[in-house]
Amino acid sequence: MEPFTVTIDKIDYQVSLHSGFPKLFDVFNLNVNYTIGKTDAGNWVYIKHEPLTAVIPLEQIGAAIDDHLVDNQ
């Protein structure tokens, strides 16, 4: 999967596949670096993040990832 950009509230986040199984994604911009994944129940969760105080719109980014995956199958 090629990296792609998600824009939420005028902030761009670069998304790339971290691992295929379990399916995890790296999400980063100039200020944050996250690894996120989706639980079996369908909830997006943080796996790892730096810096620890930064907050990203996890559900919005997760929904954009889901949309991207559906559009590019």
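**Figure 1. A hairpin made by β3 and β4.** In this predicted model, strands β3 and β4 form a hairpin, with 4 residues sitting between them. The two strands are antiparallel partners joined over 5 bridges. If you would like a place to start looking, find F25, which stands opposite I36 in β4. The loop between β3 and β4 is also home to N29, a residue with its own view in Figure 5.

**Figure 2. The whole sheet, strand by strand.** Stepping back from the hairpin, you can see an open sheet of 5 strands in the order β1-β2-β3-β4-β5, with antiparallel pairing. Its edge strands are β1, covering residues 4-8, and β5, covering residues 44-50; each of them pairs on one side only. On average, neighbouring strands of this sheet are turned by 30 degrees against each other, ignoring direction. As a general reminder, the strands of a sheet pair through backbone hydrogen bonds, in either a parallel or an antiparallel way. How confident is the predictor in the protein chain? The average pLDDT is 92, and 100% of the residues score at least 70. Among the elements of the chain, β1 has the highest mean pLDDT, at 96, while β5 has the lowest, at 90.

**Figure 3. Where β2 meets β3.** Strand β2 takes in residues 11-20 and strand β3 residues 23-28, and they pair in the antiparallel sense over 6 bridges. A handy landmark here is S16, which stands opposite D26 in β3. Next to D26 in the sequence comes V27, also placed in strand β3. The C-alpha atoms of V27 and S16 are separated by 6.8 Å, and the two residues are 11 residues apart along the chain.

**Figure 4. V27 and its neighbours.** Is V27 buried or exposed? With a relative accessibility of 0%, V27 counts as buried. Not counting residues up to four places away in sequence, V27 touches Y13, Q14, V15, V32, N33, Y34, I36, I56 and I61. Among these contacts is I36, the residue that F25 stands opposite in Figure 1.

**Figure 5. N29 in the loop between β3 and β4.** Which backbone atoms does the side chain of N29 reach? One is the backbone nitrogen of N31, at 2.7 Å. Another is the backbone nitrogen of V32, at 3.0 Å. Setting aside neighbours within four places in sequence, N29 is in contact with I11, D12 and Y13. Y13 may look familiar, since V27 touches it too.

**Figure 6. The hairpin of β4 and β5.** Strands β4 and β5 also form a hairpin, this time with 5 residues between them. In the turn you will find G42, which has a positive phi of about 95 degrees. The two strands run antiparallel and are joined by 6 bridges. To get your bearings, look for G37, which stands opposite V45 in β5.

**Figure 7. Y46 on an edge strand.** Y46 lies in strand β5, one of the edge strands of the sheet. At 36% relative accessibility, Y46 counts as partly exposed. What does the side chain of Y46 reach at 3.3 Å? The partner is the backbone oxygen of I56. Leaving out neighbours within four places in sequence, Y46 is in contact with Y34, T35, I36, I56 and L58. As for I61, its C-alpha atom is separated from that of Y46 by 12 Å, with the two residues 15 residues apart along the chain.

**Figure 8. Helix α1 lies across the sheet.** Helix α1 is made of residues 58-71 and lies across β1, β2, β3, β4 and β5. Helix α1 runs at about 110 degrees to β5. The residue range of β4, for those following along in the sequence, is 33-38.

**Figure 9. A salt bridge from helix to strand.** The side chains of D66 and K38 meet in a salt bridge, 2.9 Å from N to O. D66 belongs to helix α1 and K38 to strand β4, so this pair ties together parts that are 28 residues apart in sequence. How accessible are the two partners? D66 is partly exposed, with a relative accessible area of 24%, and K38, at 39% relative accessibility, also counts as partly exposed. By the rule used for salt bridges, the count comes to 1.

Conventions
Residues are numbered from 1 along each chain as its sequence is written. This is a predicted model: local features need pLDDT of at least 70, side-chain atom pairs count only at pLDDT 80 or more; totals for chains, interfaces and linings use all residues. Side-chain values use heavy atoms; hydrogens and water are left out. Two strands pair if DSSP finds at least two bridges between them. Axes are lines fitted to C-alpha atoms, for helices over the stretch in contact, and angles run from 0 to 180 degrees between N-to-C directions. Contact means heavy atoms within 4.5 Å. pLDDT is the predictor's confidence in each residue, from 0 to 100. A salt bridge is a side-chain nitrogen of Lys or Arg within 4 Å of a carboxyl oxygen of Asp or Glu. Buried means under 20% relative accessible area, exposed over 50%, partly exposed in between (1.4 Å probe, protein chains only). A polar contact is a pair of N or O atoms within 3.5 Å; within protein, one must be able to donate a hydrogen and the other to accept it, and residues adjacent in sequence count only if both atoms are side-chain atoms.
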